[in-house]
Amino acid sequence: MRNNLSAWEVNENHFPSFGSIKDKFKFFVRYAILAPSGHNTQPWLFEVSDETLNLYADRTRALPVIDPDDRELIISCGAALSNLLIAMKYFGFEPEVKFFPSDGDNDLLASITVKSRDYEPSDIDRIIFNAIKKRRTNRLPFAEEKIDGLTQQKLKTTVSEEKAIKFTIIESEEQREAIIKLIEQGDKIQSQNKSFCRELAQWVHPNRTSSKDGIPGYAFGMGDLISYGSPFFIGNLNWGDIQAGRDRNLVKGSPVLAVLESKTNKPVDWIRTGMALSKLLLRSSVEGIAASYLNQPIEEQGLDDKLRDILKTSDVPQLIMRLGYGKEVKPTPRRDVDDVVKLK
Ligand SMILES: Cc1cc2nc3c(=O)[nH]c(=O)nc-3n(C[C@H](O)[C@H](O)[C@H](O)COP(=O)(O)O)c2cc1C
């Protein structure tokens with residue numbers, strides 16, 4: 001496996017049973033960093049001491065154009081936090097989490113301590129943990145096969161474990177079509193925004209990249225040759241119409257279109273959205289279901305209000321997802337655990 005994919009080779013048999021608590025915390029972080037993140041920026045840092053593991057937002061990895069408030073950045077950190085907690089439980093550590101524990105530091109998102117060391121993981125804890133290494137964002141078309149009601153219910157129940165986060169499956173054809181139209185508009189607006197294109201081009205890499213972050217072309221279904229030109233195409237060509245058409249077909253062909261929503265729109269809601277996202281994706285992966293994102297209507301001011309009208313909700317849409325049965329796709333790069341952990 002290429003060096004920038006080696007994080008995915010983490011092996012539970014290497015858990016440092018006889019190591020210090022710092023060694024153990026650091027091992028849990030190996031699972032946290034496999035979480036999804038916007039543009040694969042991996043905007044997280046972990047500070048490990050003898051009692052506490054602190055999760056920080058790394059705002060040097062922000063995406064100021066697409067995500068000016070760091071909303072998606074914090075959702076990404078929430079997903080990493082959820083992976084971390086799932087790993088802790090799997091290895092028998094019951095976690096206790098305090099969100100934003102320091103009034104003066106809004107980069108410190110969460111402090112995690114160990115409540116007990118004799119947690120007995122349930123069957124579902126184990127199954128979800130095992131999905132961490134298998135989860136991928138899948139941007140390819142999905143099969144026509146429907147997701148049955150029972151499986152949909154399992155996904156809803158999983159999300160409902162996260163306080164105040166809602167998973168709304170779009171059932172009506174009319175609503176679906178209206179959301180597709182917003183996604184198309186979002187594609188066109190974003191493609192015409194030079195700053196957006198420049199920002200995206202910085203994070204999309206050729207397939208054979210040695211970069212430990214960002215998105216290799218293969219994750220968009222590009223072949224090796226095309227992938228070399230992808231940063232240039234994104235930065236210089238008007239790709240809005242092509243992307244809009246592609247997204248229309250992708251959504252039309254996806255058995256489920258869904259929205260993750262929060263009650264309010266504060267940083268703690270963003271963390272909880274990320275935690276719900278991680279659980280949703282892992283549970284989906286257990287069921288053999290793939291997922292990807294179409295967040296354009298939430299990212300573009302003006303379209304977000306229209307989305308709320310379509311959904312007839314006073315809640316706050318945070319992520320738009322499509323789900324279905326897809327072909328296997330490759331993992332994307334990750335930074336090394338040593339790049340994101342500071343020992344105190
Ligand atoms: C908050 C958030 C927003 C995302 N938004 C999009 C998106 O709009 N379009 C997209 O294709 N992928 C999106 N992604 C997926 C990331 O690009 C993906 O997680 C990252 O490239 C790492 O790849 P992996 O998920 O396969 O590990 C998003 C992920 C997160 C966590």
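**Figure 1. E96 has T113 of β4 as its bridge partner.** The model shown here, and in every view that follows, is predicted. The close-up follows strand β3, residues 94–99, along strand β4. Six bridges hold the two strands together, and they run antiparallel. V97 also belongs in this view: its bridge partner in β4 is I112. In general, strands of a sheet pair through backbone hydrogen bonds, in a parallel or an antiparallel way.

**Figure 2. Strand β2 is joined to β4 by five bridges.** β2 covers residues 52–57, and β4 covers residues 108–116. The two strands run antiparallel. T52 of this view is bridged to T113 in β4. T113 is also the β4 partner of E96. Further along, N54 faces S111 of β4.

**Figure 3. β1 and β2 make a hairpin.** Three residues lie between the two strands. β1 is joined to β2 by five bridges, with the strands antiparallel. F46 is a good place to start looking, since L55 of β2 stands opposite F46.

**Figure 4. Five strands build an open sheet.** Read across, the order is β3-β4-β2-β1-β11, and the pairing is mixed. β3 and β11 (341–343) are the edge strands, each paired on one side only. On average, neighbouring strands are turned by 25° against each other, direction ignored. Helix α1, residues 21–32, lies across β1 (44–48), β2 and β11. Its direction makes about 165° with β1.

**Figure 5. A second open sheet has four strands.** Their order is β5-β8-β10-β9, and the pairing is antiparallel. Why do β5 (165–169) and β9 each have one side without a neighbour in the sheet? Both stand at the edges with a single partner strand, so one side of each is left free of a neighbour in the sheet. From one strand to the next, the twist averages 30°.

**Figure 6. β5 meets β8, and helix α9 packs on their sheet.** β5 and β8 (residues 256–262) pair in the antiparallel sense over five bridges. Within the pair, I169 is opposite A258 of β8. Helix α9, residues 267–286, packs on the sheet. The helix touches β5, β8, β9 and β10 (316–324). Its direction stands at about 150° to that of β8.

**Figure 7. 17 residues surround the ligand.** Which of them are closest? They are P36, N40, T137, Y293 and T332. Helix α2 (71–90) and strand β9 (290–293) each supply at least two residues of the shell. The largest share, four residues, comes from α2. Domain 1 and domain 2 each provide at least three residues of the shell. By class, the shell has nine polar, five nonpolar and three charged residues.

**Figure 8. Domain 1 and domain 2 touch.** The domain assignment places domain 1 at 3–135 and domain 2 at 149–192 + 238–324. Their centres, taken over C-alpha atoms, are separated by 24 Å. Contact involves 23 residues of domain 1 and 18 residues of domain 2. On the domain 1 side, α2, β4 and α3 (123–131) each supply at least two residues. α2 gives the most to this side, with ten residues. By class, the domain 1 side has 16 nonpolar, four polar and three charged residues. Helix α2 thus links this view to the previous one: α2 also supplies the largest share of the shell around the ligand.

**Figure 9. The whole protein, for orientation, has twelve helices and eleven strands.** The radius of gyration is 19 Å, close to the 20 Å that the globule rule gives for 344 residues, so the protein is as compact as a globular protein of that length. Along the principal axes, the C-alpha atoms fill a box of roughly 55 × 40 × 40 Å.

Definitions and conventions: Residues are numbered from 1 along each chain as its sequence is written. This is a predicted model: local features need pLDDT of at least 70, side-chain atom pairs count only at pLDDT 80 or more; totals for chains, interfaces and linings use all residues. A residue is near a molecule or strand if its C-beta atom, placed from the backbone, lies within 6 Å of it. Ala, Val, Leu, Ile, Met, Phe, Trp, Tyr, Cys and Pro count as nonpolar, Asp, Glu, Lys and Arg as charged, and the others, Gly among them, as polar. Domain bounds come from an automatic or database domain assignment. Two strands pair if DSSP finds at least two bridges between them. Axes are lines fitted to C-alpha atoms, for helices over the stretch in contact, and angles run from 0 to 180 degrees between N-to-C directions. Two residues are in contact if their C-beta atoms, placed from the backbone, lie within 7 Å. The radius of gyration is taken over C-alpha atoms; the globule rule is 2.2 Å times the number of residues to the power 0.38.
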